[in-house]
Amino acid sequence: MSLRNSEGNSMSKNSKFKLTIELVPSTVWFFSVYQLLKRNNQLSKWRKIKEGLFKKEGRKCRICGSEGRLEAHEFWEYDDENHIQKLVAIHHLCSMCHKIKHIGFWCYTGEGQKQLAKAGLSREDLIDHFCRVNNCSREEFEEHEREAFRIWKERSSHQWKQDFGRYCD
Ligand SMILES: [Zn+2]
Ligand SMILES: [Zn+2]
């Protein structure tokens, strides 16, 4: 419970789902902590963040609990009135949960589709994972996805001020 309340955007806060789609507005694409550190040749800082997560949270997906390859995901909160995008948490997710978060990339861009196929996965695999983790139907997935894109489109029509919260130094 506290997990869902303390992180994610207003959409996931209101969501009945454990695993939600969180599309980053196109106007702030490539401005994640990871991308910024990468551009500044400071990926050692990113590795430190990951090490900290392993120590604090163990080696499992924060959402579904599965073990295996873990990817750090940035959880943002959106102030839709003042257009401030605030980084509220970073947690490790398994690669399937992580792909759901960024489903816009994996299923709706040429590059993402290519990489997904290369990983031996299809959109159906992602939907299956979503439905299994959330114990929901395919229709509920589709409704959630439509809503996520509706919000994404609206947010992508604005410029956002970024607040890196406690991750900024
Ligand atoms: Zn997972
Ligand atoms: Zn991510």
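In this predicted model, helix H4 is followed by glycine 58, a residue whose phi is positive and lies near 80 degrees. The helix that precedes this glycine, H4, covers residues 43-57 and has 15 residues, and the distance from its first C-alpha to its last is 21 Å, close to the 21 Å expected at 1.5 Å a residue. The number of buried residues among the 15 of H4 is zero, so the helix lies largely in the open. H4 nevertheless has a place beside the strands, for it lies across E1 and E2 and runs at about 65 degrees to E2.

The chain as a whole contains nine helices and three strands, and from the N terminus on its elements follow the order α-α-α-α-β-β-α-α-α-α-α-β. Its radius of gyration is 16 Å, close to the 15 Å that the globule rule gives for 169 residues, so the chain is as compact as a globular protein of that length. Taken along the principal axes, the C-alpha atoms fill a box of roughly 45 × 35 × 35 Å. Buried residues account for 25% of the 169 residues in the chain, where a residue is called buried if 20 or more other C-beta atoms lie within 10 Å of its own. Of the contacts between residues at least 6 apart in sequence, 65% join residues that are at least 24 apart.

The three strands form an open sheet in the order E1-E2-E3, with mixed pairing. The edge strands of this sheet are E1 and E3, the latter made of residues 161-163, and each of them pairs on one side only. From one strand to the next, the twist averages 40 degrees. Strands of a sheet pair through backbone hydrogen bonds, either parallel or antiparallel. In this sheet E1 and E2 run antiparallel and are joined by ten bridges, whereas E2 and E3 run parallel and are joined by three bridges.

Individual residues show how the strands are aligned. Across the pairing with E2, glutamate 74 stands opposite isoleucine 90, tryptophan 76 stands opposite leucine 87, and glutamate 77 has lysine 86 as its bridge partner. With respect to E3, glutamine 85 stands opposite glutamine 162. E1 and E2 also form a hairpin with four residues between them, and in the turn of this hairpin histidine 83 has a positive phi of about 55 degrees.

The largest nonpolar core comprises 20 residues, of which Leu19, Cys61, Ile63, Leu93, Cys94, Cys97 and Ile100 touch the most other members. Two or more residues of this core are given by each of strand E1 (70-79), strand E2 (84-94), helix H5 (95-101), helix H6 (103-108), helix H8 (123-134) and helix H9 (138-155). In soluble globular proteins, nonpolar side chains tend to be buried together. The surroundings of isoleucine 100 offer an example of such packing in detail: when its neighbours within four places in sequence are left aside, isoleucine 100 is in contact with Leu19, Ile21, Leu126, His129 and Phe130.

Further residues can be described outside the sheet. Tyrosine 34 is found in helix H3, which covers residues 33-39, and this tyrosine is partly exposed, with 18 other C-beta atoms within 10 Å. Tyrosine 34 and methionine 96 are 62 residues apart along the chain, and their C-alpha atoms are separated by 19 Å.

Two loop residues draw attention through their backbone angles. Most residues other than glycine have a negative phi, and most peptide bonds are trans. Phenylalanine 30, although not a glycine, has a positive phi of about 70 degrees, and its place is in the loop between helix H2 (10-14) and H3. This phenylalanine is exposed, with 11 other C-beta atoms within 10 Å. Asparagine 135, likewise a residue other than glycine, has a positive phi near 50 degrees and lies in the loop between H8 and H9. With 9 C-beta neighbours inside 10 Å, asparagine 135 counts as exposed, since the limit for an exposed residue is 12 or fewer.

How values were computed: Residues numbered from 1 in each chain as written. Chains lettered and ligands numbered in written order. Expected span 1.5 Å × (residues − 1). Core = buried A, V, L, I, M, F, W, Y, C linked by C-beta atoms within 7 Å. Contact = placed C-beta atoms within 7 Å. Pairing = 2+ DSSP bridges. Axes fitted to C-alpha atoms, helices over the stretch in contact; angles between N-to-C directions. Rg over C-alpha atoms; globule rule 2.2 N^0.38 Å.
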